[in-house]
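Colleague: I have the structure open and would like to talk through a few things in it. Could you start with what you count as a contact?

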Amino acid sequence: MNIIVCIKQVPDSTQVKVDPKTGTLIRAGVPSILNPYDHYALEKALAIKAKTGAKVTVLSMGPNQAVAVLRLALALGADEGVLLADRAFAGSDTWATSYALATAIKKIGQYDLILCGQMAIDGDTAQTGPGIAYHLGIPQITFCDSVDSDGQHAVVKKLIEGGHQIMQAELPVLITMTMPVDYVAKYPSFLAAHRAQDKQISIWTAAQVGADTHKVGLEGSPTRVSRIFPPPARAKGEMISGSAEEMAAKFVEILKKESFVK
Amino acid sequence: MAKNDLTTRNLMLDSLKQYAKNRISHEFIREHDAKNEIPLDILKEMYDHDVLGVHLLLIPEEYGGLGGQTTEIYRVCEQLARIDLGIATGVFATFLGSDPINVGGTPEQKAKWFQKIAHENKLVAYGATEADAGSDLVSLRTRADRVEKDGKIVGYKITGSKMWISNGGVADIYTVLALAPGGPSWFIVEKGTPGFTQDAHEDKHGIRLSNTAGLAFDEVYVPAENLIGLEEGKGFLQAQAVFGYTRLMVAAFGLGGGEEAVETALIYAQQRIQAGGPLAQKQGFMLKLITPHYVRFEAARAYIDWTAKQLEVNNHGLATEGAIAKLYATESGNKAAEDAIQAMGGFGYTKEFAVEKIKRDVKITCIYEGTSEVLEMTIFRGRWQEHLKTRGQYYIKQAEEFEAIHAQHPDVGADSVALGFRALARVLEDCRAQKLTRHQYITFMLGDLISEAEVAAVFARECAEGRVTEGSRFDLNTLKIMSRVNARLSAFKIATEGMKLILGVGAASAQDLSAGVNLVGIEEKMTGLIEDEDLVSAKLREIFKA
């Protein structure tokens, strides 16, 4: 069985601030991390590997320094890494990115299960995974927080309003993973980090994966971002205290004052 | 397997940071600090191969370790210090305790003991210090008497005591320095050996999460195979061979502790509103309590990293450079932690925030592995020899090198570095001509001035060569500004302190001396200093957001 996990290097959003004047992210000095949803998807792939002996390949697109997240994935137990790195890819939106990743997956060739994080925390679009499935012409199930496979089928728990939907799919299938709120990402031991140096990371260009350069980069990206801005700060809430009767009375008073009730 | 590359080093550091984030909260540290208790479970877990296996870094690859290079070991030390200096000391004691085996052990001894340390996750302690033998190991009293059988040495009986031994009460394996008939020698003593006892854990000012205890040896028998190197009298050489290296690790402790304290204060200051705005926006606050420390941290980082890279080529030695790194980084870290309390005012003085504990912790870095004063003396002696050997040209030559660097790279402060070197050469020469080094105080202070000059030089050269020190959070342009600030202040300190020393013993005219060290030239370079410091402050506010 062959599993491909698509991963992305992102700025640690807990440390990123938006410049209120320009609306852009201030990235100076912000460390890069593996997108947490992808981290979770990778751990799920490795759990399937432990059970079935599947081969896990991690795939990323980005500048050369994105090798760092591939190395992390290899240290955690993935078998091989592929980085799509080419100036031609710069400026790709989710449509162009999913096309590029799909061409790389075709070059990898063998795949039964493709796992993606639900979305990257630097863009929050949740479009790349579904885009890959479209370009490959395979089915997809999105927003799953659990996935299992016996090598023939994939069984997932898809998060839906008010609960889970348990689904089974024939392989190949692409699954996008969300993560439980209490998820704590695993990190490798020093020994595993050291040994990951011996695992293969291939760096491929657009030409090597046979990507049509008109379909990637800015030219291949139909998305136009008109403006990015932080939401306006909300006024501070007011806490009501006292006995239940007192609080109810105060609450009604406020509702009247704000003309919600007469 | 290949040596660890930069990506691997960063991966290890990320794992260590994440581990600390998940397992070692401020509350956890605070509780153990109050109870004066080592978190042994945490240390054991950090040694667990599947969790971190941090101790594997110091064990050569052929014995099942990672064969860590100096660079990754110092970076791990810096990160450990940012987590907690007590825990860092516990880990470091294993590094230090293993060093005599690493340096002097036979292949069989290395195989036996390193396998134990690597695979059984044993804690190690380094037993050198005694009541009358601290930095001055010559007064060593612990004895190792030969035990002979049929005319052959079969073992040794060790008698004496050690004090202030890190991991003293909790280690499984001890490397102990004792006086054998052939001279000082290292022995390996295991916990539980009859006659070997450990004293109660000390009640210390700081690093209270590290166990410190005395050791007592009452005719403790160890087999001859536990004599490291199987040869008596090599103990001092084996101890001194690693000073450059071990002091570099403590330098990283000073850097890490200081950084953690000031970063805490800076992030607090971004949110603390006083007189209409955040403290971090106020120039006086930044230039007095925050910005100068970051300048010194980056200078220290550049110097530590440069020395580490030299050690990787030379393997051992560099005792003077190790001493410079430790003196500069630990004194800077200690002052920074002090100011971090001041920057946070009343909050800084409470145990609610980490800076109060860091201040208590980081002080030890100015004491263990050679006090600042011993280091000043070591640095002085090392470079005084160079000054005499070259007939006063040692620093003149370096001044010329930096004048050339300034011609190519006018934005890194190399001109001030050159002026500092020339002032230093003049001060040293006056001290020689008038035999002023008979004053011990002057030798200490010269050691300090030498470290100022040499750290400023390495920082400026790294910037001129376009290198951003690994682990730094700043871009090259900001580092260049920092280097300009640092070089100017260091040249000024060398000139004015140097003058004070010479005039203080009444041996020169102030006017001649002032011209001799080119005080006016140094002062003229101050133009733009505050502007540069303000630029650094702005960058700090950008990077260390609340």
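Modeller: Two residues are in contact if their C-beta atoms, placed from the backbone, lie within 7 Å. Please keep in mind that this is a predicted model.

Colleague: OK, how many residues of domain 3 of chain B are in contact with domain 4 of chain B?

Modeller: There are 23 residues of domain 3 of chain B in contact with 23 residues of domain 4 of chain B, and the centres of these two domains, taken over C-alpha atoms, are separated by 20 Å.

Colleague: And which helix gives the most to the domain 3 side?

Modeller: That is α9(B), which gives 16 residues to the side of domain 3 of chain B that touches domain 4 of chain B. By class, that side has 15 nonpolar, four polar and four charged residues.

Colleague: How are the domains of chain B laid out along the sequence?

Modeller: Chain B is divided into domain 1 (6–123), domain 2 (127–233), domain 3 (239–366) and domain 4 (383–543).

Colleague: Switching to α10 of chain B, what does that helix span between its end C-alpha atoms?

Modeller: Helix α10 of chain B, residues 319–348, spans only 36 Å, whereas a straight helix of 30 residues would span 44 Å. α10(B) bends by about 60 degrees at Gln342(B).

Colleague: Why do you say that α10(B) is largely enclosed?

Modeller: Because 25 of the 30 residues of α10(B) are buried, the helix is largely enclosed by the rest of the structure.

Colleague: What about Ser166(B), buried or exposed?

Modeller: Ser166(B) has 29 other C-beta atoms within 10 Å, and 20 or more is the cut-off for buried, so Ser166(B) is buried. Ser166(B) lies in strand β3 of chain B, residues 152–166.

Colleague: Which residues is Ser166(B) in contact with, leaving aside its neighbours in sequence?

Modeller: Leaving aside neighbours within four places in sequence, Ser166(B) is in contact with Thr89(B), Ala93(B), Ala125(B), Ser210(B) and Thr212(B). Of these, Thr212(B) is 46 residues apart from Ser166(B) in sequence, yet the two are 4.5 Å apart in space, C-alpha to C-alpha.

Colleague: Last topic, the two chains: how many residues does each one bring to the contact?

Modeller: The contact takes 27 residues from chain B and 19 residues from chain A. On the side of chain B that touches chain A, the largest share, ten residues, comes from α1(B), and the residues of that side divide into twelve nonpolar, nine polar and six charged.

Key: Residues numbered from 1 in each chain as written. Chains lettered and ligands numbered in written order. Predicted model: local features only at pLDDT ≥ 70, side-chain atom pairs only at ≥ 80, totals over all residues. Helix = DSSP H or I, 4+ residues; strand = E, 2+ residues; numbered from the N terminus. Nonpolar A, V, L, I, M, F, W, Y, C, P; charged D, E, K, R; others polar. Expected span 1.5 Å × (residues − 1). Bend = angle between axes of the 7 residues up to and from the residue. Buried ≥ 20, exposed ≤ 12 C-beta atoms within 10 Å, placed from the backbone. Domains from an automatic or database assignment.
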